[in-house]
Amino acid sequence: MSKMNTSQIHPTAIIEDGAIIGDGTFVGPYCCIGPKVKLGKDCRLISHVSLAGDITIGDRATIYPFASLGHPPQDLKYHGEASSTIIGTDATIREYVTIHPGTETGCMLTEVGDHCLLMVGAHIAHDCRVGNHVILANNVALAGHVTVEDHAIIGGLSAVHQFVRIGKHAIIGGMSAVEKDVIPYGTVMGERASLQGLNIIGLRRRGFSAKSIQQLMNIYTQLFGVNQDETLAKRIEKLSLDSHHYGPEVLYLIDFIKADSKRPLCLPKLA
């Protein structure tokens, strides 16, 4: 039998031998929990939740009806390898969310951080890495191998291409097709998404100082402002030489742009 402890299990729920259910967790009607599932303490599975595969879910998660987590990925190259899924603490996972485990072509792991809100119908494909305090609005779709860093927000009905990186504190407008990397602190939107500026409102709400925001705005203008005579690579090289003048936010932005990536950088539209 699974380790139920002080958990409350509805009589219609099916919990296979080997599953671990943390203290104080409620498993509602018609939930199905596989033998390798590990649920933390004080979680709530409202009803009709399906958990499968090698999946670990942290404490205080709330999972709504018809969420499907840990089932095999939608990848024709997947042949049953023993990959896994990890979801952090304090997750809110709404109706019809799907999260799939990793594959051999990736890191064998799909990971979602702490305090994430995944709204109705959001999909996180194999080998994705989603940070802490991330919000995926209704019907957001992350293709395989996507990285979403801390505090990023992705608007409803948006789709993110394989291997794209979305930097921390970035915001994606609704119904955007994101095919390229999104800089930290950036605002991106459009049917073929383009960089629209910085997420100034989000930065203020999260307590960034006026000095830090102003410095980011100045650097953004230097990198992406109109009528630039030099390539972006050259501009980044110049900024790197003066890096001792900048705060940690700017240094992180520069490092993100310089890092190796399989996708190009999302840039402003040409006028």
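In this predicted model, I166 reaches well beyond its sequence neighbours. Leaving aside residues within four places in sequence, I166 is in contact with T147, V148, E149, A152, I154, V160, I172 and V182. I166 also belongs to the largest nonpolar core, which has 72 residues. I33, L45, L69, L142 and I166 have the most contacts inside that core. Several elements give two or more residues to it: strand 9 (54-57), strand 28 (194-198), helix 1 (200-205), helix 2 (210-224), helix 3 (232-241) and helix 4 (248-258). Helix 2 supplies the largest share, six residues. In soluble globular proteins, nonpolar side chains tend to be buried together.

Two open sheets come next. One has eleven strands in the order 1-4-7-10-13-16-19-22-25-27-28, with mixed pairing. Strand 1 (8-9) and strand 28 stand at its edges; each has a single partner strand, so one side of each lacks a neighbour in the sheet. Within the eleven-strand sheet, strand 10 and strand 13 (residues 92-93) run parallel, joined by two bridges. T62 stands opposite T92 of strand 13.

The other sheet has nine strands in the order 2-5-8-11-14-17-20-23-26, and its pairing is parallel. Strand 2 (14-15) and strand 26 (177-178) are the edge strands, each pairing on one side only. Strand 20 (residues 141-142) pairs with strand 23 (residues 159-160) in the parallel sense, over two bridges. Here the bridge partner of L142 is V160. V160 is also one of the contacts of I166.

The whole structure holds nine salt bridges. Three of them are listed here.

| Salt bridge | Closest N to O distance |
|---|---|
| D90 with R60 | 2.8 Å |
| K77 with D75 | 3.1 Å |
| E111 with R129 | 3.4 Å |

D90 and R60 link distant parts of the chain, 30 residues apart. D90 sits in the loop between strand 12 (84-87) and strand 13, and R60 in the loop between strand 9 and strand 10. R60 is partly exposed, at 40% relative accessible area. D75 counts as buried because its relative accessibility is 10%, under the 20% cut-off. E111 lies in strand 15 (residues 109-112) and R129 in strand 18 (residues 129-130), 18 residues apart. E111 is partly exposed at 28%, and R129 is partly exposed at 35%. Salt bridges with shared partners also join E179, E191 and R192 into one network.

Which residues form a nonpolar patch on the surface? They are F66, Y96 and V120, with about 290 Å² of accessible area together. F66 lies in the loop between strand 10 (62-63) and strand 11 (68-69). At 42% relative accessibility, F66 is partly exposed.

How values were computed:
Residues are numbered from 1 along each chain as its sequence is written. This is a predicted model: local features need pLDDT of at least 70, side-chain atom pairs count only at pLDDT 80 or more; totals for chains, interfaces and linings use all residues. Side-chain values use heavy atoms; hydrogens and water are left out. Patches are made of residues with over 30% relative accessible area and no salt bridge: like charges are joined within 9 Å, nonpolar side chains (Val, Leu, Ile, Met, Phe, Trp, Tyr) within 5 Å. Accessible areas come from the Shrake-Rupley method with a 1.4 Å probe; for residues, only the protein chains shown count as cover. A salt bridge is a side-chain nitrogen of Lys or Arg within 4 Å of a carboxyl oxygen of Asp or Glu. Helices (H or I, at least four residues) and strands (E, at least two) are DSSP runs, numbered from the N terminus. Buried means under 20% relative accessible area, exposed over 50%, partly exposed in between (1.4 Å probe, protein chains only). A nonpolar core is a set of buried Ala, Val, Leu, Ile, Met, Phe, Trp, Tyr and Cys residues joined through side-chain atoms within 4.5 Å. Contact means heavy atoms within 4.5 Å. Two strands pair if DSSP finds at least two bridges between them.
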